Amino acid sequence: MSVFTNRRKSDIIEKHQKKMVSRGRKTFVDHKTQSSGLGLPKISPSKKSKEILNNFYPKSLKLNRLKLASQASHTSTRSNYKSGIPPNSKQLKTMRAKKFIEDEEEEVFTINTKHSKLERYTLKDICLQNEWKEVKHTISGSLMWYIGPLRDIDIKILAYKKCYFNRYPKSNLICRKSRFHSIMRKYTRFFPDQFNFIPNTFILPDEFRQFCRTFNSNRERVYLAKPSMSKGGEGIFFVKSKRDVAKDPSKPTSLVVQEYIQNPLLLGKKFDLRIYLLVKGVKNLEAFVAMEGMARFCTEDYTDPLDALSNEEESKTNSLFSHLTNFTLNKENEKFKTSKDFKTKDEGSKRLLSTVLKSLKKEGADVESIKNQIRDIATKIVIAFQPFLVNTYHTEVGIEGESNQNCFHIFGFDILIDDNSKCWLMEVNSQPSMSYVQEQVVTDENGMPRTQKIPSEIDKYLKNVILKEALDLVIDKDLCNMKSFKTAANRGSKEGPVYVFEKVFPPSDTKKYSKFMIYNEIRVLFELLAGYKKPDNLTISQFQKLCNYPGMKKDTFKKPDYTMLYQSCKKRLSKNEMTLDGFTTALEHLACHIYPEVDSSYERLKTLVAHVISYASR
Ligand code: ADP
């Protein structure tokens with residue numbers, strides 16, 4: 001199979017040949033590029049595989065693949081094997097090498113499902129529909145699919161392997177509740193009217209005092225505490241008293257305490273919406289929001305949350321079934337309902353966004369406004385994530401790697417609508433499940449526990465639509481040398497293609513959104529000062545460059561003040577480094593000293609960044 005054009009292939013081969021010639025060795029595969037840009041099947045760097053390769057590519061690295069293929073076919077290994085005589089080791093080598101060549105010749109797009117667990121079933125469907133192939137070797141494939149975050153080893157592969165990855169390096173970190181809210185906090189501070197879709201949130205233990213003040217000021221308000229690293233509703237509880245969330249050395253995990261939206265829009269029961277957000281590329285980052293998604297319903301009637309606070313222990317679970325919409329939680333309730341007619345009927349505990357919006361329209365809700373709010377929130381999430389995703393990519397993979405444009409990520413974000421049709425963002429999930437199969441432990445006839453895989457029709461439909469279209473948007477057909485790539489238009493679904501994704505980034509309304517991109521400009525400045533070799537931290541001397549630019553020294557703010565500012569904003573506990581977050585805080589302080597006459601803190605920062613960036617980029 002080939003992922004990229006032959007031109008690229010030959011470039012890599014040529015580069016590789018030079019490397020090999022200079023080393024005077026006969027090995028075909030360099031360890032760094034094993035099974036890499038060539039889209040070749042997996043070759044492990046083990047001694048054995050090197051032997052096999054040396055056997056077949058001994059003389060010259062100018063590969064005459066046809067010759068090699070015919071060389072391999074001269075052996076009678078297959079007929080031997082068919083006739084029941086097991087092949088000897090030499091014949092085995094021949095067979096494996098032949099397979100290697102055949103695979104290489106095959107121009108089929110492949111998805112590596114080794115790390116995809118239950119999402120494998122959806123990927124298999126996509127392969128079937130597109131006439132692609134599933135592979136399970138460690139690092140082969142046109143698309144590497146991971147269910148979890150990329151490990152260090154995967155990031156190394158990403159740096160060398162020219163194929164698609166469904167994850168950005170470390171993108172999971174940005175979705176952790178405390179990190180996510182501290183990022184969004186910067187925007188809510190500068191643009192309170194435009195980032196007013198996040199309920200009032202406190203990151204504990206740091207903001208315990210602020211929380212106490214707000215908590216005391218209005219006892220009618222209800223707060224929900226969520227462990228920073230939790231998911232699926234795990235560990236969430238209503239805050240009865242400040243003591244519930246006071247710092248507890250026996251529980252070192254940080255908490256996020258959030259004002260509870262007490263007036264949700266109900267369709268019989270409380271529900272929220274899972275919306276999918278596709279982000280792709282690095283240098284030319286683009287994002288698309290899916291206007292089809294999943295509505296997840298509670299399985300008990302909604303009650304006044306203040307009642308939930310007074311509930312005794314035994315009714316607590318019931319109150320969770322009324323207030324938390326998580327599927328993992330609600331599926332445990334016997335009242336959980338599935339619907340076969342999910343495409344047309346608005347019923348069941350999991351429903352399509354489209355059917356729910358139809359019902360809401362009938363009930364008189366402003367559906368167009370809801371859709372616009374979803375698009376707007378999606379755009380703002382991408383704006384907030386861009387500096388982190390790009391800086392982490394540059395740090396982990398290198399700046400030259402960004403031209404590959406081979407990373408993408410499907411995030412899932414959760415929207416709660418209140419009874420004024422206002423959308424609230426609950427969280428962004430870095431690993432929204434793309435699986436339609438759940439594992440359930442059942443007891444067999446002998447009373448033994450057994451894991452059963454249970455498919456869900458609605459998930460199968462939705463995830464197929466989302467994945468198919470996401471891959472259509474991600475995979476560059478010109479770069480892929482694929483015989484069998486089927487575009488959305490000819491994908492052959494009986495009901496015709498479903499187009500669900502809409503572009504939200506770069507935003508078409510630049511006037512509205514460009515001011516929010518200030519933190520990406522700060523990221524650019526940070527990387528200019530830090531240099532491209534180590535764009536993840538700034539040394540003190542790199543930071544002090546700022547004070548040498550014209551207009552950057554004031555009587556009230558001189559060079560020693562820069563040193564002090566650096567020390568106070570650099571990462572706590574680290575030796576001598578200032579991260580992008582620290583740099584952002586430092587610039588905010590600096591802007592107050594350099595432009596005290598400017599009223600708005602945003603304008604001060606904006607003026608400072610524009611001024612400094614012009615010198616730093618010279
Ligand atoms: P998790 O990652 O554990 O799913 P969430 O923040 O998504 O945590 O919260 C779980 C569920 O709790 C949400 O899907 C929603 O139904 C409910 N919920 C969370 N925060 C709020 C809130 N501020 N107001 C109302 N309901 C909320």
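## Cavities and ligand: close-up views

**View 1. The model holds five cavities of 30 Å³ or more.** This is a predicted model. Rolling a probe the size of a water molecule over the atoms shows where empty space is left. The largest cavity contains about 340 Å³ of space. About 60 Å³ is the volume of the second largest cavity.

**View 2. 25 residues line the largest cavity.** Closest to the centre of this cavity are Lys226, Ile236, Leu324, Asn326 and Met426. Five strands each give two or more residues to the lining: β6 (223-227), β8 (255-259), β10 (269-280), β14 (408-417) and β15 (423-429). Ten residues of this lining are charged. Eight are nonpolar and seven are polar.

**View 3. The ligand sits in the largest cavity.** Strands β6, β8, β10, β14 and β15 each give two or more residues to the shell around the ligand. The ligand is surrounded by 24 residues. Lys177, Lys226, Gly233, Thr325 and Asn326 are the closest of them. Lys226 and Asn326 are also listed among the residues closest to the centre of the cavity. By class, the shell has nine charged, eight nonpolar and seven polar residues.

**View 4. Polar atoms of Gly233, Glu259 and Thr325 lie close to ligand atoms.** Gly233 places a backbone N or O atom 2.6 Å from an oxygen atom of the ligand. For Thr325, a polar side-chain atom lies 2.7 Å from a ligand oxygen atom. Glu259 has a backbone N or O atom 2.9 Å from a nitrogen atom of the ligand. How much of the ligand's exposed area does the protein bury? Alone, the ligand exposes 540 Å², and the protein buries 99% of that.

**View 5. The second largest cavity has a lining with residues from β3 and β14.** Each of these strands, β3 (143-146) and β14, supplies at least two lining residues. Which element gives the largest share? β14 does, with three residues. The lining includes Trp145 and Tyr146, and β3 spans 143-146. Phe408, His409 and Ile410 also belong to the lining, and β14 spans 408-417. Glu119, Asn166, Arg167, Gln431, Pro432 and Met434 line this cavity as well. By class, the lining has six nonpolar, three polar and two charged residues.

Terms used. Residues numbered from 1 in each chain as written. Predicted model: local features only at pLDDT ≥ 70, side-chain atom pairs only at ≥ 80, totals over all residues. Heavy atoms only, no water. 1 Å grid on protein atoms, 1.4 Å probe; cavity = no way out; pocket = protein on both sides within 12 Å on 5 of 7 lines; lining within 4 Å. Points joined across faces, edges and corners; volume = space filled by probe spheres on them. Helix = DSSP H or I, 4+ residues; strand = E, 2+ residues; numbered from the N terminus. Nonpolar A, V, L, I, M, F, W, Y, C, P; charged D, E, K, R; others polar. Near = heavy atom within 4 Å. Polar contact = N/O pair within 3.5 Å; in protein donor to acceptor, adjacent residues only side chain to side chain. Areas by Shrake-Rupley, 256 points an atom, 1.4 Å probe, with all protein chains shown as cover. Sits in = over half its atoms within 2 Å of the grid points.
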